[in-house]
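Reader: I'm new to this one and could use a walk through it. Can you show me the structure first?

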Amino acid sequence: MRLLLFGRSDQRPKAWTLERWGRRCDLRRDLGDGLVLRWTTAKDTMDVAELNSLVFRWNKDEPNHGLANVVRRCMRGDHPSMGTEDVVVVEDTRKEGNRIVACAFYLQEEWEYDGIVVPVARPDIVATEPGYRNRGLIRAALEVMHERAEREGRPVQGITGIPYFYRQFGYEYAIDERGHVAIGLGLLPDKPADEEPYRLRQARTEDVPAIAACYRQQQAGYLVSRRLPDSFWQYYIDAEHEMDPVWNDERLRVVEGVGGDFRGFAFTPYRRSGDTFTVSMIGLVPGTNLEHAAPALLRELKRLAEQTPVKRSPTPSDAPDKPLQKLVLELGRNHPLYETLEPGWLPHREAPSAWYVRVPDLPGFLRLVAPALERRLLNSRFTGHSGELKLDFYRGGLRMCFEDGFLKNVEDCRFGADDKSAKGGFPPLTFLRLVFGYSSLSELRAAYPDIWVDGEAEALLKTLFPKRASRLVD
């Protein structure tokens, strides 16, 4: 694993002191008016859970107990991506009762960019009590997270959430999020369960190696994917043995053949949403005949959906007595199963949304993924390419230097009024959409009139940064 450390230690803000980084961060920052920003301890778990249950309540009289369960389980110490002390909170020291008025979770993950491991920091479960909003509390929390990510050598941060909001903090929509195909369950042909060539069963600990290998094989074709440790799979296996199962946890299911042989896995919801049953992940072992497997697997999912209780929600669409109608395969932009769906089942495809991505040191990130860029050159007409590529980002720029097909140097640069050396121009952050394969160069130029590329640089950029599907498990 190649880790890059960005920035200088003497750039640390003077308003707070940091003793050490890692699973435990000793931090106390005075925000004024009795507000203190810090990292959590185990003693804060119930207060953080209560804050989220009220901020994301079903209605004015009903807290979101399900989300409170999620928070408690995330903070108890066995989560694969975070620990008890990995939540930034703002505490009102003058407040009676629960003093925690804002929070943001800090998840530590590893993604792969075209086969190259990238350490990632991921903010999640961001909440502020209504009376404390518009006071910059989340901005302060994210600043602390970004500083920690920098010092831990995590050059990328990613988050999903409120439209536009995270653009304020240097994030840009740049990686596929979700994407699905919906099928009317009434259109699936019936077949007795005992005649099916495949069945679903609850996953067990001994299944973890096979599930992990199947997942890795399934993700291999994506530009950006998430690396999942064995503890991730074990976490969801253990979740089904909880006395109070988490409201929105997913269930891990194994796909078996008639003889009990492992054929794949699926992530299915613990509660379905109204008339819809959403499957977030399906992986099948190499060599599976999808034309044969798809109808049987869909019927098995339908049977499981019919046995799954409805999630409680204040919306009429999630009424408990609403009949099951749709199966949603939320498997990304492309998935082999999509191509096996019969036209008569009237599948409806929905394009992916996007993850927000933040890359504070773009040259550093490009140096990290240089082997992938060099492979793309090697497999193109730019084999052995030497030369310089300068791009104007209007508030800065980028200079990439190639020698004999290798990326020898990447650095920030600026262009004066009379400097005509740039071979292309991109408004701030839009270049990330190209780097992460979310948009092609042609799509970007059509969407942004202020993107331009010199003719001789166009082919090189298209070779370095082709559009490709990504799949991040969240």
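Reader: Let's start with a helix: which residues of helix α8 are buried?

Author: Keep in mind that this is a predicted model. Helix α8 covers residues 370-378, and a residue counts as buried when its relative accessible area is under 20%. The ones that make the cut in α8 are Ala370, Ala372, Leu373, Glu374, Arg376 and Leu377.

Reader: And what do the buried residues of α8 pack against?

Author: There's a mix of helices and strands around them. The strands are β4 (100-113), β5 (116-128), β19 (397-403) and β20 (406-412). On the helix side, the buried residues of α8 pack against α7 (362-368) and α11 (455-464).

Reader: How do the axes of α8 and α11 cross: oblique or perpendicular?

Author: Two packed helices are described by the angle between their axes and the distance between the axes. Here the axes come within 8 Å and cross at roughly 120°. Roughly perpendicular would need 65 to 115 degrees, so α8 sits relative to α11 as oblique.

Reader: Which residues of α8 and α11 meet, and how do they divide by class?

Author: From α8 come Leu373, Arg376 and Leu377, and from α11 come Leu460, Thr463 and Leu464. Leu373, Arg376 and Leu377 are also on the list of buried residues of α8. By class, the contact divides into 4 nonpolar, 1 polar and 1 charged.

Reader: How many residues of helix α5 are buried, and what covers them?

Author: Helix α5 (residues 230-239) is mostly covered, with 7 of its 10 residues buried. Those are Phe232, Trp233, Gln234, Tyr235, Tyr236, Ile237 and Ala239. What covers them includes α2 (65-74), α4 (208-219), β10 (224-227), β11 (250-257), β12 (262-269) and β14 (281-284).

Reader: What about open space: which residues are closest to the centre of the second largest pocket?

Author: About 450 Å³ of space lies in that pocket, and 16 residues line it. By class, the lining has 9 nonpolar, 3 polar and 4 charged residues, while α7 and α9 (431-435) each supply at least two residues of it. Closest to the centre are Val359, Pro360, Phe393, Pro428 and Leu429.

Reader: Is arginine 433 buried or exposed?

Author: Arginine 433 is found in helix α9. Leaving out residues up to four places away in sequence, arginine 433 touches Glu172, Tyr173, Ala174, Tyr438, Ser439, Leu444 and Tyr448. Its relative accessible area is 14%, and the cut-off is under 20%, so arginine 433 is buried.

Reader: How far apart in space are leucine 341 and isoleucine 183?

Author: Leucine 341 lies in the loop between β15 (326-329) and β16 (348-350), and it is buried, with a relative accessible area of 11%. Leucine 341 touches Val181, Ile183, Leu298 and Pro347, not counting residues up to four places away in sequence. Leucine 341 and isoleucine 183 are 158 residues apart along the chain. Their C-alpha atoms are separated by 8.9 Å.

Reader: Is leucine 346 buried or exposed?

Author: Leucine 346 is found in the loop between β15 and β16. Leucine 346 has a positive phi of about 50° although it is not a glycine. Its relative accessibility is 60%, and the cut-off is over 50%, so leucine 346 counts as exposed.

Reader: And what is the phi of aspartate 404?

Author: Aspartate 404 is found in the loop between β19 and β20, and it is exposed, with a relative accessible area of 52%. Aspartate 404 is not a glycine, yet its phi is positive, at about 55°.

Methods
Residues are numbered from 1 along each chain as its sequence is written. This is a predicted model: local features need pLDDT of at least 70, side-chain atom pairs count only at pLDDT 80 or more; totals for chains, interfaces and linings use all residues. Side-chain values use heavy atoms; hydrogens and water are left out. Buried means under 20% relative accessible area, exposed over 50%, partly exposed in between (1.4 Å probe, protein chains only). Helices (H or I, at least four residues) and strands (E, at least two) are DSSP runs, numbered from the N terminus. Contact means heavy atoms within 4.5 Å. On a 1 Å grid over the protein atoms alone, a cavity is a set of points where a 1.4 Å probe fits but cannot get out, and a pocket is an open set with protein on both sides within 12 Å along at least five of seven lines; lining residues have an atom within 4 Å of a point. Grid points are joined across faces, edges and corners, and a volume is the space filled by probe spheres set on the points. Ala, Val, Leu, Ile, Met, Phe, Trp, Tyr, Cys and Pro count as nonpolar, Asp, Glu, Lys and Arg as charged, and the others, Gly among them, as polar. Axes are lines fitted to C-alpha atoms, for helices over the stretch in contact, and angles run from 0 to 180 degrees between N-to-C directions. Angles under 35 degrees count as roughly parallel, over 145 as roughly antiparallel, 65 to 115 as roughly perpendicular and the rest as oblique.
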